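User: I would like to learn how to read the local features of a protein model, one at a time. Could you take me through a few of them, giving the general idea before the case at hand?

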Amino acid sequence: MGEFVIKMPDVGEGVAEAELVEWHVKPGDPVREDMVLAAVMTDKATVEIPSPVTGTVLWLGAEVGDTVAVKAPLVRIEIAGEGGTAAPAEEKPAAKAEEEPAAKVEAPTPLAKPAQPAKVEVKAPVANGVQANGAHAPGERQEKALASPAVRLRAKESGVDLRQVTGTGPAGRITHDDLDQFIARGAQPALAPAGLQRKTAVDEIKVTGLRRRIAEKMSLSTSRIPHITYVEEVDMTALEDLRTTMNRDRKPEQPKLTILPYLMRALVRTISEQPAVNATFDDGPGIISRHHAVNIGIATQTPAGLTVPVVRHAEARGIWDCANELNRLAEAARTGTATRDELTGSTITISSLGALGGIVTTPVINHPEVAIIGVNKLAVRPVWDGTQFVPRKIMNLSSSFDHRVIDGWDAAVFMQRLKTLLETPALIFVEA
């Protein structure tokens, strides 16, 4: 018998390491050639690691959530015959599971999906099983109460069973005050079982995979970009009338229009007048890149988390084309089939949570972009027209701008122009 060592493959994209997001085997498991052993995640994609040999797993070189360097030992397998060493991607290309899907309509982030980001749930060793009345449920194991040595000593000297004391400290820890109050009250009779019980257990969930990528992206955006947020109320009545008419008269091959394609076209029109908003900022060398192409990221919620597929060259697409591409990319993101190119390269992002009912959001800019537009709930509200209240379809647009690049005045001008276009939708289709 021999031993075969599988090393972390070179997953391309110039990366030197990848995060282990899932194991498909454990020590002692038999494996066959080409069987998937694990999944790792780079910044943009999840990659499956297949076995190049048949044998039995002897050792795993990392835990889910660990970052593993390229060519570091990953798995050892006992095989028949002589052993060996291989980095699958070098001798046999690793199967690329899925390009990482990017985000949903909200705060942006690059992403992926396939191999579901492994969640590791660890029971915190702090559950004390004590009910609100200080007694333990029938049959429930009586665990050691959480308390400092000093509190334990005082309790022992006072003849108090700490398991009968309700802790008010972190994770139910019993403090000196808790002990004092218990002693002051005297022995407490156990209350009759009630339907409600106090719960003090804590589930610790390790942040891995796409969730970690989202966390890193959001931390980067909020720590590096000074946001200025501007909210404007938009009367969508005329646009909704137009949308109803266009959907009624659309051809069989044309998709049903939502508000987003109109917003995308209005963004293109507004950006042509204020190109500073369609930019990215590399704050290292201090270079602002104003993009002529309007590549709109659409924050999209997927089963794996927030991803941001990109509708490229919206400036060259009509409203039906925008709708078609939007639908295609949203489906690709949700099914984890979006490619790396479809998840990168946005120059401005739309984040829509309107379907969930919120009236205001504070969208987080998709670093290194300088602006993001958040769509909120559309609702019928009474509006005073000068003589009477009339029902109008009103929607708030929340927007955030990088204040290092965009001044508050310019942000307001941009949003006011966007409001004008949406409230008079014919202007969206008028040639500039």
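**Reading the features of a predicted model**

Analyst: Let us begin with Asp34, which is partly exposed, its relative accessible area being 48%. The model is a predicted one, and Asp34 sits in the loop between β3 (30-31) and β4.

User: What is the phi of Asp34, and how should I read the sign of such an angle?

Analyst: As a general idea, most residues other than glycine have a negative phi, and most peptide bonds are trans. Asp34, which is not a glycine, has a positive phi near 75 degrees. Lys71 is another non-glycine residue with a positive phi, in this case about 80 degrees, and its place is in the loop between β7 and β8 (73-79).

User: Which residues does a cis peptide bond join?

Analyst: The cis bond links His367 and Pro368, with omega about 10 degrees. Pro368 belongs to the loop between β20 (348-352) and β21 (371-384).

User: Turning to strands, with which strands does β2 pair, and in which sense?

Analyst: The general idea to keep in mind is that in a regular strand the side chains alternate between the two faces of the sheet. In this model, β2 (residues 17-23) runs antiparallel to β7 (residues 67-69), to which 3 bridges join it, and Ala18 has Val68 of β7 as its bridge partner. With β4 (residues 36-41), β2 also pairs in the antiparallel sense, here over 4 bridges, and Glu19 has Met41 of β4 as its bridge partner.

User: How many residues of β2 are buried?

Analyst: Of the 7 residues of β2, 5 are buried, and the strand is thus mostly covered.

User: Is Asn278 buried or exposed, and what does its side chain reach?

Analyst: Asn278 counts as buried because its relative accessible area is 0%, the cut-off for that class being under 20%. Asn278 is placed in the loop between α6 (259-273) and β14 (279-282), where its side chain reaches the backbone oxygen of Ala293 at 2.9 Å. A polar contact of 2.6 Å also joins the side chain of Asn278 to that of Thr347. When neighbours within four places in sequence are left aside, the residues in contact with Asn278 include Ile271, Ser289, Arg290 and His291.

User: What can be said of Ile319, and which residues does it touch?

Analyst: Ile319 lies in helix α7 (residues 319-335), and it counts as buried because its relative accessibility is 7%. Not counting residues up to four places away in sequence, Ile319 touches Met246, Leu257, Pro261, Tyr262, Arg265 and Phe429. One of these residues shows how a contact can link distant parts of the sequence: Tyr262 is 57 residues from Ile319 along the chain, while their C-alpha atoms are separated by 6.7 Å.

User: Finally, how many residues line the second largest pocket, and which of them lie nearest its centre?

Analyst: A pocket can be read by its volume, by its lining and by the character of the residues there. The second largest pocket holds about 370 Å³ of space and is lined by 18 residues, with Arg265, Val268, Arg269, Ser272 and Glu315 lying nearest its centre. Helix α6 gives the most to this lining, contributing 5 residues. By character, the lining of the second largest pocket divides into 9 nonpolar, 4 polar and 5 charged residues. Arg265 therefore appears twice in this tour, as one of the residues nearest the pocket centre and as one of those that Ile319, buried at 7% relative accessibility, touches.

Conventions. Residues numbered from 1 in each chain as written. Predicted model: local features only at pLDDT ≥ 70, side-chain atom pairs only at ≥ 80, totals over all residues. Heavy atoms only, no water. Buried < 20%, exposed > 50% of the residue type's maximum accessible area, 1.4 Å probe, protein only. Helix = DSSP H or I, 4+ residues; strand = E, 2+ residues; numbered from the N terminus. Pairing = 2+ DSSP bridges. Contact = heavy atoms within 4.5 Å. Polar contact = N/O pair within 3.5 Å; in protein donor to acceptor, adjacent residues only side chain to side chain. 1 Å grid on protein atoms, 1.4 Å probe; cavity = no way out; pocket = protein on both sides within 12 Å on 5 of 7 lines; lining within 4 Å. Points joined across faces, edges and corners; volume = space filled by probe spheres on them. Nonpolar A, V, L, I, M, F, W, Y, C, P; charged D, E, K, R; others polar.
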